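Hi,

Here is the structure I promised to pass along. Please have a look at it first, and then read my notes below.

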Amino acid sequence: MLMDYFHLSLDPRISDPAEPAGLSNVVKTEMLTSSRSHELRELELQFPIRGVGQPTYPDYLERPFPLLSDGLKRLIEMYCPRMPYEPVGLLDIGRMRHDTYWLMVPPRNACLSGQSQFHPDGSLKELVLDSNKVGEQMLFQIDGIRETEIVIHLAVAESLLRRDFTGIKLTRVKQDTSH
């Protein structure tokens with residue numbers, strides 16, 4: 001039976017999302033794997049936020065790495081109880097504000113279909129999953145591409161939509177069923 005999957009992203013209507021300055025200088029992409037996520041516990045993950053003005057604090061931040069609010073983390077944990085998470089403090093010194101988000105380390109899934117399309121520079125143009133390789137994971141990151149693409153199962157998407165989360169966009173992901 002074919003299950004529906006959705007790409008989890010930051011709602012583009014959020015014009016000024018909070019972004020931790022320097023997070024990508026401290027956390028290396030290689031650490032965001034199940035075999036190396038333990039290295040994150042040794043790091044000081046407190047960062048000032050970038051920019052000026054009034055940043056928005058949605059439940060999902062995409063850059064530089066996927067970060068979840070407390071409420072969103074609790075929901076995702078119901079579906080992915082063994083996925084590693086590390087707290088990341090976002091400091092808005094000018095407003096004397098401190099928010100805790102959670103850096104998640106989703107399992108990687110090499111389920112990219114040959115029907116996926118790429119731009120000439122190698123960036124992803126259209127994501128298509130190979131339905132035979134997806135398995136039954138509830139949330140995963142697409143392996144084999146340079147972008148961070150988080151995909152969630154229909155059950156997780158429905159659960160998200162029943163709650164009052166802000167700043168989240170869900171887009172149905174195409175699947176290749178030609179096998």
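**Two packed helices**

Helices H2 and H3 pack with their axes 11 Å apart, at an angle of about 150 degrees. Angles over 145 degrees count as roughly antiparallel, so H2 is roughly antiparallel to H3. Please keep in mind that this is a predicted model. The crossing of H2 past H3 is right-handed. On the H2 side, the contact is made by Leu72, Leu75, Ile76 and Tyr79; H3 brings Ala155, Val156, Ser159 and Leu160 to it.

**The cores**

Two of those H2 residues turn up again in the largest nonpolar core, which has 21 residues: Leu72 and Ile76 have the most contacts inside it. Helices H2 (70–79) and H3 (154–161) each give two or more residues to this core, as do strands E1 (5–10), E6 (97–104) and E12 (150–153). Leaving aside residues up to four places away in sequence, isoleucine 76 touches Leu68, Met83, Tyr85, Leu139 and Val156. Another core, of 18 residues, lies apart from this one, and includes Leu32, Leu40, Phe65 and Leu67.

**The sheet**

There is also an open sheet of five strands, with mixed pairing and the order E2-E5-E6-E4-E3. Its edge strands are E2 (46–48) and E3 (60–61), each of which pairs on one side only. E3 runs antiparallel to E4 (residues 67–68), and two bridges join them. One to look up on screen: tyrosine 60 has leucine 68 of E4 as its bridge partner.

Enjoy exploring it!

Best wishes

Conventions. Residues are numbered from 1 along each chain as its sequence is written. This is a predicted model: local features need pLDDT of at least 70, side-chain atom pairs count only at pLDDT 80 or more; totals for chains, interfaces and linings use all residues. Side-chain values use heavy atoms; hydrogens and water are left out. Two strands pair if DSSP finds at least two bridges between them. Helices (H or I, at least four residues) and strands (E, at least two) are DSSP runs, numbered from the N terminus. A nonpolar core is a set of buried Ala, Val, Leu, Ile, Met, Phe, Trp, Tyr and Cys residues joined through side-chain atoms within 4.5 Å. Buried means under 20% relative accessible area, exposed over 50%, partly exposed in between (1.4 Å probe, protein chains only). Contact means heavy atoms within 4.5 Å. Axes are lines fitted to C-alpha atoms, for helices over the stretch in contact, and angles run from 0 to 180 degrees between N-to-C directions. Angles under 35 degrees count as roughly parallel, over 145 as roughly antiparallel, 65 to 115 as roughly perpendicular and the rest as oblique. A crossing is left-handed if the near helix is turned anticlockwise from the far one by less than a right angle, and right-handed if clockwise.
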